[in-house]
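Grab a coffee and open the viewer. Here are some short exercises to work through, each with a solution you can follow on screen.

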Amino acid sequence: MKNIYFIGLLGLLLFSCNPGPKNPADQVYINGIVYTVDEANPKTEAVAVKDGLILAVGTTEEIQAFVGKNTETIDLQGKTMTPGFIESHGHLMGIGYNKLDIDLMYVKTYDELIEKVAEAATKAEPGEWITGRGWHQDKWLQMPDKTVQGFQTHEQLSAVTPNNPVYLAHASGHASFVNQKAMEMAGINPLRSENPKQEVEGGEVLRDELGNPTGVLVERASGLVSRLIPEDTPERAEKALELALQELAEKGITSFHDAGSGQKFIDMVGKFKSEGKLTSRMYIMLTGRQPELLEAWYKKGPMIDPDHMVTVRSIKLNCDGALGPWGAWLLEDYSDKPGQRGHETLPMSIVTQVSEKAIPLGFQVCAHAIGDRANREVLDRYEAVLAKFPEVTDHRFRIEHAQHLHVDDISRFGKMGVIAAIQAIHLSSDRPWAIGRLGPKRITDGAYVWQKLLASGAVISNGTDAPVEPLDPIPSFYASVSRKTLKMLPEGGYEPDQKLTRDQALNSYTLAGAFAEFEEDFKGSIEVGKAADFTVFDKNIMEIAEDEILDAKVKMTVVGGKIVYQID
């Protein structure tokens, strides 16, 4: 008995004298399947975190050596951890406003759209604007009886909203649908009237055979109505931002590239950071639609946050439209709309002017280009500007979308070091009808050509263009590796030789996304010294059967060592 007592006392003494690890972790994540996106150590089990950075990576046994008396232990219980997913092209306030306005992303028919607007009209005060976003005529199960140029007309919409102006943005953001009252306020009249509103440079007011406006406004013509919508209150804007950040956390997004915003948004995000309410890292592109904004930033230069939370060092230029409303700028006619080649929504001289000012100041240029003509024109301008500044070797200029390329231009991405900021989910949503727009040859040669771009030496970053598509990265990851629709069709996928491998897809959503914002030394992979930004899934998206990927769910999101979302 005495011996037992003595041994117990000795053990207690030795334990109390044990100083523990010299450098204890704040948190350890153990018993997981950890994909690091680190070529030297691609797969492991556990991670230790201290002060928001990765302290150690290894087996569960190795990482438990960093457990001190105040260390929090998170048992992943076999779940899959990856570097935090980076959404490399989205519109944050659009995500938030989609939750405050009418969300039309999932409507299946024109009649369903009318029902949603009619319901909103019953709750609106006379004269109050009704706004929404997300409709896409090519995704409806059936079109209305009356159409003009492939779009619905406003008569039913106007009938259910006689007292309220209505503005409904297309899912792409490159067209809108408005009612009679909104058109009257904007002065959009029949061509036979005394004061018809004529065509807009870089856009189009769609009209029927008699010259009557149909209610569909394409590209810059949408501004005739959108500029009349009253400015939002600060309170509503902050609510939209709160809802958007919540969505990012729930979907495993730890960093977000906001594709074109103004000073008010930058200030509001800065306010959220100072108040401790910013739960995702922000990389903000200045909108090129506000020349005075760009001039102000040219004078002060990029804002690179030492805390890596809010950085402003890039400029977004919108150079053409979208494929859905026949707005993407093509080298040849649309296959289903002879005589139409889309829209140049920004004079190409502006691409040159902005790039020449940006590059010596350290600003990155990110040009939206969907059609093959737009991509070629932007690449031409980039090439000329880069030749003027040969000393700038790390410009990381980007083309946002890079969807439909002429075969002769694909190799130029790698040769010039231009990043292709793709959205794989667009293939899943658009490819079934895109072949009608472009025809089989253009689709096969240059549409969604991810492997061809990688073979050129280009970097591909991935995203969703939310709220054009849902923010959830899992469908986009699935589209990347399967090239199928979300109904898992067709068998084998569209143009299967262009599928990304799962390693390539994960890289595109993590390390490549970090590279696209000059942050690959700080985040994008699970390595010692990098940010403790993690996304945890309930299924092993790197190994499960391809068609099981869509069933995967985000279980935890970690930003800088803080758990910003967790679900049991």
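**Exercise 1: a pocket and its lining**

What volume does the second largest pocket have? Then work out which residues and elements line it.

*Solution.* Keep in mind that you're looking at a predicted model.

- Step 1. The volume of the second largest pocket comes to about 700 Å³.
- Step 2. Now find the middle: 25 residues line this pocket, and Lys108, Lys139, Ser429, Leu486 and Lys487 are the closest to its centre.
- Step 3. Next, look for elements that give two or more residues to the lining; these are helix H14 (424-446) and helix H16 (473-482). H14 gives the most, with five residues.
- Step 4. Sort the lining by character, and you get 12 nonpolar, seven polar and six charged residues.

**Exercise 2: a strand and its neighbours**

Is strand S13 (residues 166-170) largely enclosed or left open by the rest of the structure, and why? Then find the strands it pairs with.

*Solution.*

- Step 1. Check burial residue by residue, taking under 20% relative accessible area as buried. Five of the five residues of S13 pass that test, so the strand is largely enclosed by the rest of the structure.
- Step 2. Look for a parallel partner: strand S10 (residues 130-135) is joined to S13 by five bridges. Here Trp135 sits opposite His170 of S13.
- Step 3. Look for an antiparallel partner: S13 pairs with strand S14 (residues 175-178) over three bridges. Tyr167 has Val178 in S14 as its bridge partner.
- Step 4. Follow the chain from S13 to S14, and you'll trace a hairpin with four residues between the two strands. In that turn, Gly173 has a positive phi of about 80°.

**Exercise 3: reading a sheet**

In what order do the four strands of the open sheet S5-S4-S1-S6 lie, and which strands are at the edges?

*Solution.*

- Step 1. Read across the open sheet: the order is S5, S4, S1, S6, and the pairing is mixed.
- Step 2. Pick out the strands that pair on one side only: strand S5 (53-58) and strand S6 (72-75) are the edges.
- Step 3. Go from one strand to the next, and the twist averages 20°.
- Step 4. Zoom in on one pair: strand S1 (residues 27-30) runs parallel to S6, with four bridges between them. One contact to find is Ile30, whose bridge partner in S6 is Asp75.
- Step 5. While you're there, keep a rule of thumb in mind: side chains in a regular strand alternate between the two faces of the sheet.

Conventions:
Residues numbered from 1 in each chain as written. Predicted model: local features only at pLDDT ≥ 70, side-chain atom pairs only at ≥ 80, totals over all residues. Heavy atoms only, no water. Buried < 20%, exposed > 50% of the residue type's maximum accessible area, 1.4 Å probe, protein only. Pairing = 2+ DSSP bridges. 1 Å grid on protein atoms, 1.4 Å probe; cavity = no way out; pocket = protein on both sides within 12 Å on 5 of 7 lines; lining within 4 Å. Points joined across faces, edges and corners; volume = space filled by probe spheres on them. Nonpolar A, V, L, I, M, F, W, Y, C, P; charged D, E, K, R; others polar. Axes fitted to C-alpha atoms, helices over the stretch in contact; angles between N-to-C directions.
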